[in-house]
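Reader: I like to see the reasoning behind structural labels. Could we go through a few of them together?
Author: Gladly; let us have the structure in view first.

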Amino acid sequence: MRNALFAPLLLVAAGCATPTGAEGTERPNIVFILADDLGWADPGFHGSTAGLTPHIDRLAAQGVQLSRHYAHSVCAATRAALLTGRYAFRTHMDWRSEDFGKPTYLAKMGLELAHGADGRPTRMLHALDTRERTVAEALRDVGYTTGVAGKWHLGEWLPEHLPMAQGFDHQYGHYGWGIDYTNYTIPHNAPARFAVYDWHRDQQPVQEQGYTTDLIANEVVRWIAAQDGARPFFFYVPFNAIHGPLESIPRYTDAHDKRSAAIRCLDDAVGRILGALEQYGFADDTLVVFTNDNGGLRDEFNRPLKGTKNTTYEGGVRVPCVVRWPGHIEPGTKNDSLMHMVDWMPTFVGMTGGELSRDREVDGVDMCCALFKSSPSPREEIVFEVAGSVRIPTILSGRFKLMGERLFDLEEDPGETTDVAGAHPEVVARLRVRLSELSAARPSIAEFLGPSPQLMSPALPFVYGQLENATAAGWVKAAVGAVRATQPTEWAPGTTPWPQAPTGDTIEYTGDGR
């Protein structure tokens, strides 16, 4: 045991004792690993026989599987919910930063594409509000060392929107939505259709060689090795794997397609992080969470669940999750407690004696009792979307889920094949009222953008990060220039390098979803 810092566990949930039931329990280190676009059916612990996730399966065997763990439908929304404990509609992060450069998404908000002073189309800046209190800020305030290694996706331009202004002592990885794993560029900066460099350490461009999944694991291993046990640590590891673009995968392609090979590489990376915790003596003192940000891109990746990423069907929002904390969680168990990504912040804050936001409503609930004491989940509903989102308003309450006009009974019909709205008009009426109340509480987009929205300028930077771009070194310009030279210069009318906004309750992804 390397962590020498002890403090009482202050739990938010009334009547719930600490995981050990005693004062002075050691505060755990926390490693929160978030995959990207993994499907419900991909892990072996969910029945896959492809053999892609041996290390993650071992983690599941050493801990508990959460069978009713939910996220939002897309990556930025889930990341905002995780860090703030608030549903994405409250922070307007159900709209991703890049959506403000995509005409079909802007149209859903009643907005038009912005143009800079030079007349070039550009995006309006959108990011996680700096007034939000993040879990990193809460844990740092009670003595934790904090770091984020991987995909940020909560603002890529202004300094105040980047990780080190949101509670993280250390940053490594990329700011935007989906990076090329070997040249470290975002393929397009909508509405601009060319690449931008996006690889940083402590918010400075970094020139490296390697596959980003491996590089992220390398960084986290270095962080773990550098700890001396004087302070607990919170390391948030949001891999970009297996989000597109999936170009060159360094191994396993002799036996697997690119996507499956990328999953094997992700599993390797998770195994290296878990191995480092063991090697440096932190495994017994560390709570490890492995989960995913949203469903996979195609139905077959999420079976037997229906739906995909960017939808509110179960396949879009119900995600794999395993939790390990030796001595506090019984190995090889399953837990069907209803839980959403917003619940992690109050759970971690409760375990460590921290404070939640004092001036903003927190939607998450402390799940310590459900996770460590086998108590019933204190959560009875989950709000996925309200009016004003790109996706249809959706709420889960008990056994029922209302999606727009349709009602599904998830206990009887987990595959969401039959609309039972006609058989339960009272449930539909109740949930419609609830959604209307929540929709009315949604801040308007004008409140976030202001009367004169800030624009990304230049519309096509060399590198993300306003200050980093202003002083971009020659190697940055050369690296991104080499990638742009290979990109198409013309697109057929009506086509773009990015997927169009979903219509109704479905979306169709082509290729690797970039």
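Reader: What does α1 meet in α7?
Author: In this predicted model, Pro54, His55, Ile56 and Leu59 of α1 meet Asp267, Asp268, Val270, Gly271 and Leu274 of α7. The residues of this contact divide into five nonpolar, two polar and two charged.

Reader: Why is α1 called oblique to α7?
Author: The axes of α1 (residues 54-62) and α7 (residues 258-279) come within 7 Å and cross at roughly 50 degrees. Roughly parallel needs an angle under 35 degrees, and roughly perpendicular needs 65 to 115. The crossing angle of roughly 50 degrees fits neither range, so α1 is oblique to α7.

Reader: And what makes α6 and α7 roughly parallel?
Author: α6 and α7 pack at an angle of about 5 degrees, with their axes 9 Å apart. The cut-off for roughly parallel is under 35 degrees, and therefore the two helices earn that label. Among the residues that meet are Ala217, Val220, Val221 and Ile224 in α6, and Ala269, Ile273, Ala276 and Leu277 in α7. This contact divides into 10 nonpolar, two polar and two charged residues.

Reader: How do you know that the buried residues of α15 line one face of the helix?
Author: The buried residues of α15 (residues 474-484) are Val476, Val480, Val483 and Arg484. Seen down the axis of α15, they fall within an arc of 100 degrees, so they line one face. In general, an α-helix has 3.6 residues a turn, so residues three or four places apart point the same way. The cover over the buried residues of α15 includes β8 (185-186), β9 (196-197) and β11 (204-205).

Reader: What makes α2 a mostly covered helix?
Author: In α2 (residues 75-84), 10 of its 10 residues are buried. Among them are Arg79 as well as Ala80, Leu82 and Leu83. Just after α2 comes Gly85, whose phi is positive, near 75 degrees.

Reader: Which residues touch the most other members of the largest nonpolar core?
Author: Trp199, Phe239, Leu277 and Phe290 do, in a core of 67 residues. Elements that each supply at least two residues of this core include β1 (29-35), α6 and α15. The largest share, 11 residues, comes from α7. As for Trp199, its contacts include Tyr172, Ile179, Leu215 and Ile216, leaving aside residues up to four places away in sequence. Another core, of 42 residues, lies apart, and Val135, Phe234, Leu287 and Val349 are among its members.

Reader: Why does His92 count as buried?
Author: Buried means under 20% relative accessible area; His92 has 2% relative accessibility, so His92 counts as buried. His92 lies in the loop between α3 (88-91) and α4 (103-108), and its phi is near 60 degrees, a positive value in a residue other than glycine.

Reader: Is Glu416 buried or exposed?
Author: Buried, because its relative accessible area is 0%, against the cut-off of under 20%. Glu416 sits in the loop between β20 (406-409) and α12. Its phi is positive too, about 50 degrees, although Glu416 is not a glycine.

Reader: Why is Glu437 called partly exposed?
Author: Glu437, in α12 (residues 425-441), has 47% relative accessibility. Exposed would need over 50%, and buried under 20%, so Glu437 counts as partly exposed.

Reader: Where is there a cis peptide bond before a proline?
Author: A cis bond joins Ser457 and Pro458, with omega about 5 degrees. Pro458 is in the loop between α13 (445-449) and α14 (466-470). The peptide bond from Ala241 to Ile242 is also cis, with omega near 15 degrees.

Technical notes
Residues numbered from 1 in each chain as written. Predicted model: local features only at pLDDT ≥ 70, side-chain atom pairs only at ≥ 80, totals over all residues. Heavy atoms only, no water. Axes fitted to C-alpha atoms, helices over the stretch in contact; angles between N-to-C directions. Helix = DSSP H or I, 4+ residues; strand = E, 2+ residues; numbered from the N terminus. Parallel < 35°, antiparallel > 145°, perpendicular 65-115°, else oblique. Contact = heavy atoms within 4.5 Å. Nonpolar A, V, L, I, M, F, W, Y, C, P; charged D, E, K, R; others polar. Buried < 20%, exposed > 50% of the residue type's maximum accessible area, 1.4 Å probe, protein only. Arc of directions from axis to C-beta. Core = buried A, V, L, I, M, F, W, Y, C linked by side-chain atoms within 4.5 Å.
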